[in-house]
Amino acid sequence: MESGQSNTQVSDNDWVRITSTDGFSFIVRRKTAKASGTMKTMLDTSSSYAEAATKTCPSGQRAIIAEKLVEYMSFKSYYETVGPKEDIPLHEFMERIPREVVLEL
């Protein structure tokens, strides 16, 4: 590590953990987790949240729901720079949601 850099320096390419209530963990890039406003605030290093220090965000959801949340955040961060809304294949994402979890999402 170069002198002048600290261990607390964070990057959007850093990895963070999103945990479910039933013990599953999902490892995602910080940029992807920051697609959620709540997780963005939790991971802000200038905040006093423990999640920022541990790089772990509890989702408060079962694994099947947390997995779909991670998929949605990935989808959102991937397509955030796309021009017209017509270019975003939203139907592809919607087809991947099982009917039994639609109401929970």
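User: Leaving aside its neighbours within four places in sequence, which residues is Val70 in contact with?
Analyst: Keep in mind that we're looking at a predicted model. Val70 is one of the buried residues of H4. Skip the neighbours within four places in sequence, and the contacts of Val70 are Ile18, Phe26, Val28 and Thr32.

User: Which element gives the most to the largest nonpolar core?
Analyst: Nonpolar side chains tend to be buried together in soluble globular proteins. Here the largest nonpolar core has 14 residues, and Val70 and Met73 are among those with the most contacts inside it. S1, S2, H2 and H4 are the elements that give two or more residues to this core. The top giver, with 4 residues, is H4.

User: How many residues are in the other core, the one with Ile65 and Phe75?
Analyst: That core lies apart from the largest one. Its members include Ile65, Phe75, Ile97 and Val101. The count for this core is 5 residues.

User: What do the buried residues of H4 pack against?
Analyst: The buried residues of H4 are Ala63, Ile65, Ala66, Lys68, Val70, Met73, Phe75 and Ser77. Their packing partners are two strands and three helices, namely S1, S2, H1, H2 and H5.

User: How far apart are the end C-alpha atoms of H4?
Analyst: You can work out what to expect, because each residue of a helix should add 1.5 Å. For the 17 residues of H4, the expected span is 24 Å. The model agrees with that, as the end C-alpha atoms are apart by 24 Å.

User: Is Lys68 buried or exposed?
Analyst: Lys68 lies in helix H4. Leaving aside neighbours within four places in sequence, Lys68 is in contact with Phe93, Arg96, Ile97, Pro98 and Leu105. The relative accessibility of Lys68 is 8%, and buried means under 20%, so Lys68 counts as buried.

User: Which residues do salt bridges join into one network with Lys68?
Analyst: Side chains of opposite charge can pair when their charged atoms come close. Lys68 meets Glu71 in a salt bridge, at 3.3 Å from N to O. These two are 3 residues apart in helix H4, so about one helical turn separates them. Through shared partners, the network joins Lys68 with Glu71 and Arg96.

User: How many residues apart in sequence are the parts that Glu80 and Lys31 tie together?
Analyst: A search of the whole structure turns up 4 salt bridges, and one of them is Glu80 with Lys31, at 3.6 Å from N to O. Glu80 sits in the loop between H4 and H5, while Lys31 is in helix H1, so the parts they tie together are apart in sequence by 49 residues.

User: How far apart are the closest N and O atoms of Glu104 and Arg62?
Analyst: Glu104 is partly exposed, with a relative accessible area of 40%. Arg62 is partly exposed too, at 39%. The two form a salt bridge in which the closest N and O atoms are apart by 2.6 Å.

User: Which kind of aromatic pair do Tyr78 and Tyr79 form?
Analyst: The structure holds 4 aromatic pairs. In the pair of Tyr78 and Tyr79, the centres are 4.8 Å apart and the planes make an angle of 85°. Planes over 60 degrees apart count as edge-to-face, so this pair is edge-to-face.

User: Which residues do ring pairs link into a cluster?
Analyst: Tyr78 is in this cluster, and Tyr78 is exposed at 61% relative accessible area. The linked residues are Tyr72, Phe75, Tyr78, Tyr79 and Phe93.

Methods: Residues are numbered from 1 along each chain as its sequence is written. This is a predicted model: local features need pLDDT of at least 70, side-chain atom pairs count only at pLDDT 80 or more; totals for chains, interfaces and linings use all residues. Side-chain values use heavy atoms; hydrogens and water are left out. A salt bridge is a side-chain nitrogen of Lys or Arg within 4 Å of a carboxyl oxygen of Asp or Glu. Buried means under 20% relative accessible area, exposed over 50%, partly exposed in between (1.4 Å probe, protein chains only). The expected span of a helix is 1.5 Å times one less than its number of residues. Contact means heavy atoms within 4.5 Å. Rings of Phe, Tyr and Trp (its six-membered ring) pair if their centres lie within 6.5 Å; planes under 30 degrees apart count as stacked, over 60 as edge-to-face and the rest as tilted. A nonpolar core is a set of buried Ala, Val, Leu, Ile, Met, Phe, Trp, Tyr and Cys residues joined through side-chain atoms within 4.5 Å.
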